[in-house]
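Me: Could you take me through one part of this structure slowly, explaining each term when it first comes up? I would also like to know how that part is set in its surroundings.

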Amino acid sequence: MHELYKLASGIFVWIAILGFAAGMIGRLAHLAVTARKKDPVVYQYFSFYYALRSILHWIIPFASTGMRAHPVITVVAFVFHASLIVTPLFAAAHVILVMESWNVSWWHLPDPAADVMTVLVILGCLFFLIRRIVQENVRYLSTPGDFVLIALVAAPFVTGFWTYHQFYGYETAGILHMLSGELMLLCLPFTRLFHMALWPFTRGYAGSEFGALRRSRDW
Amino acid sequence: MNPKSQKEETNNKNGIYDAGIEKGASRLTPEKIRKVFDALVEAEGGARLKAYTNACVHCGLCSDACHHFLSKDRDPRLSPAGKVKQTVSRILNKKAKLDVDFVKQACETVFTECNLCRRCVIYCPFGIDVAYLMLFVRRGCHQLGVVPQYIQDTAHSHASTFNQMWVRDDEWIDTLQWQEEEARDEIPDLRIPIDKKGSDIFYSLIGPEPKFRAQLIYQMAVIFHMAGADWTVPSAPGWDNSDMCMFTGDMEMTARLKKIHFEAAMDLKAKRIVMGECGHAFRSVYDVGNRTLGWKMPPLPMVHAIEFYAEILREKRIEIPKKFDRPVAFHDPCNIVRGRGLGDEARYVINETCSTFIELTPNREHNFCCGAGGGVINCGPPFKNKRVESNRVKADQLAAARDKGAEVLIAPCHNCHGGLEDIIHHYELGLELKFLGDIIYECMKKE
Ligand code: SF4
Ligand code: SF4
Ligand code: SF4
């Protein structure tokens, strides 16, 4: 147990961070090179102004027609994604840990807020899971990987919540929390979670073509 | 019929016989199919293909964008991402077996269940261009020689005559002269100038005009004449701006077509191209053809007819003594509204020429495709019923406008006319269809 704790809080952290960084950079660079070679139009038509215009319409809740047509999923998706990104970066325990290890620190969330946001992420995962099962067209699109992904995202938050509240077996949960968090980080560049990095580019490219070339709107 | 069995029936793609698909597919083996698709992915499967297929989170938010999905009782297989799942995903999965049945089904999916209207792009949070992915598969089908027969016939016509309708060179000139003669009864000094060097305007139109709708050439000649335009049309190939090859995935042929079109205009030293009212041709000249030739933008300025009409109305080069007095609705053609933002210009022309205008909902960039576009109508009679049934939402949208009083539906696109006529007829909507040019011709001062 102690051994595992040492691994999870030591070398695995580095593997996860380095794997994440290398994966992100590597995959994006690969795409950039492929675009140069096979898809030069992407560079020709990319326009920062119109990319940004589109991104803004899709990053502000209800700023696009599609979002207005699906209010429930819009709210859930925004709350879910915001909590998902903010909680791990600003949870007090994480910030303190980083400070103790590397002597850098930043603002952190009050504990109750982090707690609520953790629950929101878990509820979000449940919502997406149920939606995948219940809604026919989403079920049709779902692959086994999509379900694994939901579990992968939920795991660090469930175990984090468990650890924080010191429920039964929280020491084990703490180790699982670290492991699952590291696993998720490592998976970010190599699974569908990579949509996080691709989003600005695909949306931005759509915005560029629609704005600069087609003089129309894509929201 | 209960909803379930109805769904099963719509899923039975093999109920339709298409000689082009069947004969093409009969020459294939799984090995050959794999080889062709793998080579295509290797050669042309660029960053967009990768980014789109990797970014898609299977959320299904694009579903409600697609008229096929909405019209066929929300059949999940018809959602944009559902069509990608059935085609692109399998092609990219090196382990998936691609047999002859797969190709037949994929061919039917990409050619007849997607209008490449790009509505889904503006509903997908990621801006994933499903039309691009469908075109990628169409290109593979083209390379395999599996293309619906009717559209392949038009592609052949392009390849042998440089126009879509097997119009012979002398027939083209004959038609122009015949329309000039007719028009001279009405306006004695009207001319249809052929091969006039250095004109302001090189006018190009689509093959079906001389073939089936010669009166549109007449009308445009009158509009040009009254506006005092300095215009010309070429006698040689290059006069047809349409392009079915971009829809069959024959990009080599698209390049040849657009090259000869641009070159005809440049040989005549025209200052700009004015196109007739056609959406898909606009897409080909403005968006696809130039890219295929390696140019970011067309080599000389070009405008769609709507822009030209707006220009001559704004500059008061034609007069509208009395507005068109029946209530009109307007169908925003995807290729020139989503594809060029001409919604405002079109509304300007309508407000200048019509007294009562009723908006369809949704409209502009969000308008539903007519169901004909993307080469779907060109796949011909075997798929006609399916096409019309796949656009019930369009019928509902039109019926709502009719209930508000609309009597005439204006659609500045030939393709849309084909699709909308079928819908109006099938759903008994009782609307009359017109081009913008019809309205202008009818209302303008002609002496
Ligand atoms: S909306 Fe976009 S991301 Fe979602 S399923 Fe459709 S194509 Fe994929
Ligand atoms: S491009 Fe149009 S027809 Fe094709 S999937 Fe998207 S919405 Fe449907
Ligand atoms: S035919 Fe008209 S509505 Fe249909 S895709 Fe073409 S432009 Fe769009």
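The part I have in mind is helix α23 of chain B, and the reply starts there before turning to other places.

Reply: This is a predicted model, in which local features need pLDDT of at least 70 and side-chain atom pairs count only at pLDDT 80 or more, while totals for chains, interfaces and linings use all residues. Residues are numbered from 1 along each chain as its sequence is written, chains are lettered from A and ligands numbered from 1 in the order in which they are written, and side-chain values use heavy atoms, with hydrogens and water left out.

Helix α23 spans residues 436–443 of chain B, and seven of its eight residues are buried, so the helix is largely enclosed by the rest of the structure. Helices (H or I, at least four residues) and strands (E, at least two) are DSSP runs, numbered from the N terminus. Buried means under 20% relative accessible area, exposed over 50%, and partly exposed in between, with a 1.4 Å probe and protein chains only. The buried residues are B:Leu436, B:Gly437, B:Asp438, B:Ile439, B:Ile440, B:Tyr441 and B:Cys443. They pack against the helices α11 (169–186), α13 (214–226), α17 (305–314) and α19 (343–353), and also against the strands β7 (408–410) and β8 (432–434), of chain B.

One residue that meets this helix is B:Tyr309, which, leaving aside its neighbours within four places in sequence, is in contact (heavy atoms within 4.5 Å) with B:Leu436, B:Gly437 and B:Ile440, among others. Its further contacts include B:Met220, B:Ile223, B:Glu277 and B:Val349.

B:Tyr309 also belongs to the largest nonpolar core, which has 164 residues, and is one of those that touch the most other members, along with B:Ile128, B:Tyr203, B:Phe224, B:Phe308 and B:Ile410. Helix α9 (residues 130–144) of chain B gives the most to this core, with nine residues. A nonpolar core is a set of buried Ala, Val, Leu, Ile, Met, Phe, Trp, Tyr and Cys residues joined through side-chain atoms within 4.5 Å. In soluble globular proteins, nonpolar side chains tend to be buried together. Another core, of 25 residues, lies apart from the largest one and includes B:Ile358, B:Cys369, B:Ala399 and B:Ala406.

On a wider view, chain B is divided into domain 1 (19–147), domain 2 (155–303) and domain 3 (319–443), with bounds from an automatic or database domain assignment. The C-alpha centres of domain 1 and domain 2 of chain B lie 32 Å apart, and ten residues of domain 1 are in contact with ten residues of domain 2.

Some backbone details in the same chain are worth a look as well. The peptide bond from B:Thr361 to B:Pro362 is cis, with omega near -10°, and B:Pro362 is placed in the loop between β6 (357–358) and α20 (384–389). B:Trp166, in the loop between α10 (149–161) and α11, has a positive phi, near 55°, and counts as partly exposed because its relative accessibility is 37%. B:Lys269 also has a phi near 55°, in the loop between α15 (251–267) and β3 (272–275), and counts as exposed at 56% relative accessibility. Most residues other than glycine have a negative phi, and most peptide bonds are trans.
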